[in-house]
Amino acid sequence: MADDDFRRWWGDYHVASRTRGNKILRHPIAGDLTLDWDALSCAGDPEQQLVVWTAEPGTPSHDALRLLASWTATADRSAANR
């Protein structure tokens, strides 16, 4: 609130709502992941959002996500066979 522009934008409701972007996340095993995200709002309840994270195909981040997904698939199969 100390910033004059922010205070004016907030008062006029001109603060942008981001619905997409990218972020670097650090996974303890997979390392740094550069991911794109999209936030999808529910028309009936705009307070609810579904956020989808993706990685560009062919990138190290994409390969790391596939590796992490394979671990989950292996664990799911092991649990189903018990």
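In the predicted model, strands β1 and β2 run antiparallel and are joined by eight bridges. The two strands form a hairpin, with three residues between them. Within this pairing, Leu25 stands opposite Leu33 of β2.

Two salt bridges were counted. One links Asp38 to Arg20, with 2.8 Å between the closest N and O atoms. Arg20 belongs to strand β1 (residues 20-27) and Asp38 to strand β2 (residues 31-41), so this pair ties together parts that are 18 residues apart in sequence. The partners differ in accessibility class. Arg20 is exposed, at 57% relative accessibility. Asp38 is partly exposed, with a relative accessible area of 25%; the class applies because this value falls between the 20% limit for buried residues and the 50% limit for exposed ones.

The other salt bridge is formed by the side chains of Arg26 and Asp32, at an N to O distance of 2.7 Å. Arg26 has a relative accessibility of 69% and counts as exposed. Asp32 is partly exposed, its relative accessible area being 44%.

Asp32 also takes part in contacts with helix α2. Ser61 is located in this helix and touches Asp32, Leu33, Thr34 and Ala55, leaving aside residues up to four places away in sequence. Leu33, one of these contacts, is the residue of β2 that stands opposite Leu25. Thr34, another of them, has its backbone nitrogen 2.7 Å from a polar atom of the Ser61 side chain. Ser61 itself has a relative accessibility of 7%. It is classed as buried because the limit for that class is under 20%.

A further feature of helix α2 lies at the surface. Trp71 has its place in this helix, which spans residues 60-80. Together with Ile29 and Leu67, Trp71 makes a nonpolar surface patch of about 310 Å². The relative accessibility of Trp71 is 41%, and the residue counts as partly exposed. Trp71 can be part of a patch because its value exceeds the 30% relative accessible area required of patch residues. Helix α2 thus holds both the buried Ser61 and the partly exposed Trp71.

Terms used. Residues numbered from 1 in each chain as written. Predicted model: local features only at pLDDT ≥ 70, side-chain atom pairs only at ≥ 80, totals over all residues. Heavy atoms only, no water. Salt bridge = Lys/Arg side-chain N within 4 Å of Asp/Glu carboxyl O. Helix = DSSP H or I, 4+ residues; strand = E, 2+ residues; numbered from the N terminus. Buried < 20%, exposed > 50% of the residue type's maximum accessible area, 1.4 Å probe, protein only. Pairing = 2+ DSSP bridges. Patch = residues over 30% accessible without salt bridge, like charges linked within 9 Å, V, L, I, M, F, W, Y side chains within 5 Å. Areas by Shrake-Rupley, 256 points an atom, 1.4 Å probe, with all protein chains shown as cover. Polar contact = N/O pair within 3.5 Å; in protein donor to acceptor, adjacent residues only side chain to side chain. Contact = heavy atoms within 4.5 Å.
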